[in-house]
Amino acid sequence: MAANKSRVMHRSLRETPPKAVGGDGVWLIAEDGHRILDSSGGAAVSCLGHQHPRILAAIAKQASRIAYAHTGFFSSEPAEELAERLVGHEPGGLGYVYFVSGGSEAIEASIKLARQYFIERGEPKRARFITRRQSYHGNTLGALSAGGNAWRREPYAPLLSPSFSHVTPAFAYHEKRDDESEAAFVARLAAELEAEFQRLGPDTVAAFIAEPVVGATAGCVPAPEGYFKTVREICNRHGALLILDEVMCGMGRTGTLHAWEQEGISPDIQAVAKGLGGGYQPIGAMLASGTIVDTVRNGSGAFQHGHTYLAHPLACAAALEVQKVIAEEKLLDQVKERGRQLEQRLTERFGNHRHVGDIRGRGLFWGVELVADRATRQPFDPKLKLHQRIKSAAFAGGLGCYPSGGTADGQRGDHVLLAPPYIATSGDIDMIVERLGAAVDSALKNIGH
Ligand code: PLP
């Protein structure tokens, strides 16, 4: 990191990161020529790696025709084709797509559509949302209010607190009691959710919002078996919607196009982004059920929401090509196969590591959690900023990964998230784990372990 001479407001206002000047599949190239193996696709974004020629060509082709036309007047060919591809066969009853520019916008749209749906049904009281502690749903105020991640929320408190309340996450490593079976854990979480509905008044709750596999804030945490079926039943019983946030875990990342396919349920509304456009253009989307959209269509007739860059033609053209490549090259099979390899390698390298408490994930979406003490699951002191040390050591060793940690309440520790591109080879996977192992050990040594 260089001293800060930049006029760009970077995340850190004290340091300017090096410039990325090129990309080549799973590799990122920095201005000094340093090649970085991108093991997390940024933040689970670059599902096809960098500079994929088909995506670049699709963007150029669309740009040569029409780059932008306001959606108040026009639709576009790529938007129509992409929507048809995503929901033309109505997966799980999701029949319509609303294209936005990223994940937070997709969550905001989801919250507002849920509210509008109930208003149009004559149930305006349904304005509350139940979500989970330690989830992340984005950084705009509504999405941040929905999220349960303490350190991101606290600087902006009180947020939109009355509308959002939080229950315990389905995070077995930290929340399941040692003497409790998985089924008993699920039953306890269900009882807590039911109690929250009762506390708020079931007819005031619009929706429950959750990530099927919790991403950045917890490090790839899938729910225990049966959890989402139970949640779906509770929402149904109370007439509330289920909104699933697949911004990070969706679009093939876990081995199926939608992570919810592995849970035996489907949502009423779903948010996707990141892997939708693979980072080639800023794009996200809200997928909504036919029932919801038809209710609004037959009521006021319009979703009272919009952004200038809705369904941007270049973004839709890029995402359309990304999705075509994934389907034509059968990359979800690759995600499953390489995912098994990644799990195996992580287990070999870290399974007996005295500071690795948990290795968890699905498909090509894995988290490694570091603990000071395996027996008690005690995290490292957040002040040590172990995750940042791992990130720096990895970067110096030619690996880009996504470490995170040190929540404000200090209860949860450091973890590293891995989300390699779907095109990663077997050799890439081996190299990722080898480089990560070296970075973790070097960072631990740095803090005297
Ligand atoms: N939801 C989840 C699960 C995410 O992981 C993220 C971003 O990391 C968001 C929402 C917000 O997406 P964006 O950063 O594109 O606004």
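# Helix packing, hairpins and domains

The buried residues of α14 are covered by elements that include β5 (35–38), α12, α13 (386–396), β17 (399–400) and β19. The model is predicted.

## Exercise 1. The last helix

Describe helix α14: give its extent, its buried residues and what follows it.

Step 1. Take the extent. α14 runs over residues 426–446, which is 21 residues. From first C-alpha to last, the helix reaches 31 Å. The expected value at 1.5 Å a residue is 30 Å, and the span is close to that.

Step 2. List the buried positions. In α14 they are D428, I429, I432, V433, R435, L436, A439, V440, A443 and L444.

Step 3. Read the spacing with a general rule. An α-helix has 3.6 residues a turn, so residues three or four places apart point the same way. Now go back to the list: I429, I432, L436, A439 and A443 are among the buried residues of α14.

Step 4. Look just past the helix. G448 takes a positive phi of about 80° there.

## Exercise 2. The helix that helps cover it

Which residues of α13 are buried, and what covers them?

Step 1. Name the buried residues. In α13 these are L386, H387, R389, I390, K391, A393 and A394.

Step 2. Find the cover. It includes β16, β17, β18, β19 and α14. The cover runs both ways: α13 is also among the elements over the buried residues of α14.

Step 3. Check the residue just after the helix. G398 has a positive phi of about 85°.

## Exercise 3. Two hairpins

Trace the pairing of β3, β4 and β5, and locate the glycines in the turns.

Step 1. Start with β3 (residues 20–24) and β4 (residues 27–30). They pair in the antiparallel sense over four bridges. A20 stands opposite A30 in β4.

Step 2. Take the turn. Two residues separate β3 and β4 in this hairpin, and G25 in the turn has a positive phi of about 65°.

Step 3. Move on to β4 and β5. Their pairing is antiparallel too, over three bridges. L28 has I36 in β5 as its bridge partner.

Step 4. Take the second turn. Here the hairpin has four residues between its strands, and G33 in the turn has a positive phi of about 90°.

## Exercise 4. An enclosed strand

Why is β6 described as largely enclosed?

Step 1. Count. β6 spans residues 94–100, and six of its seven residues are buried, so the strand is largely enclosed by the rest of the structure.

Step 2. Find a partner. β6 and β14 pair in the antiparallel sense over six bridges. L94 stands opposite S289 in β14.

## Exercise 5. Two single residues

Are G275 and I234 buried or exposed?

Step 1. Place G275. This glycine sits in the loop between β13 (269–272) and β14 (284–289).

Step 2. Apply the cut-off. A residue is buried if 20 or more other C-beta atoms lie within 10 Å of its own. G275 has 29 other C-beta atoms within 10 Å, so G275 is buried.

Step 3. List its contacts beyond four places in sequence. G275 touches A44, V45, C47, G250, M251, G252 and R253.

Step 4. Repeat for I234, which lies in helix α9 (residues 227–238). I234 has 20 other C-beta atoms within 10 Å, and therefore I234 is buried. Beyond four places in sequence, I234 is in contact with A190, L193, E194 and F197.

## Exercise 6. Ligand shell and domain contact

Which residues come nearest to the ligand, and how do the two domains meet?

Step 1. Take the shell. It has 16 residues, of which G102, G103, S104, G138 and V247 come nearest to the ligand. Helix α4 (residues 103–120) gives the most to the shell, with three residues. By class, the shell has seven nonpolar, seven polar and two charged residues.

Step 2. Set the domains. Domain 1 covers 2–51 + 330–446, and domain 2 covers 56–328. Their C-alpha centres lie 25 Å apart.

Step 3. Count the contact. Domain 1 gives 35 residues and domain 2 gives 31 residues.

Step 4. Detail the domain 1 side. α1 (41–44), α12 (331–350), β15 (356–362), β16 (365–370), β18 (402–404) and β19 (414–418) each supply at least two residues. This side has 16 nonpolar, eleven polar and eight charged residues.

Definitions and conventions: Residues are numbered from 1 along each chain as its sequence is written. This is a predicted model: local features need pLDDT of at least 70, side-chain atom pairs count only at pLDDT 80 or more; totals for chains, interfaces and linings use all residues. Domain bounds come from an automatic or database domain assignment. Two residues are in contact if their C-beta atoms, placed from the backbone, lie within 7 Å. Ala, Val, Leu, Ile, Met, Phe, Trp, Tyr, Cys and Pro count as nonpolar, Asp, Glu, Lys and Arg as charged, and the others, Gly among them, as polar. A residue is near a molecule or strand if its C-beta atom, placed from the backbone, lies within 6 Å of it. The expected span of a helix is 1.5 Å times one less than its number of residues. A residue is buried if 20 or more other C-beta atoms lie within 10 Å of its own, exposed if 12 or fewer, and partly exposed in between; C-beta atoms are placed from the backbone. Two strands pair if DSSP finds at least two bridges between them.
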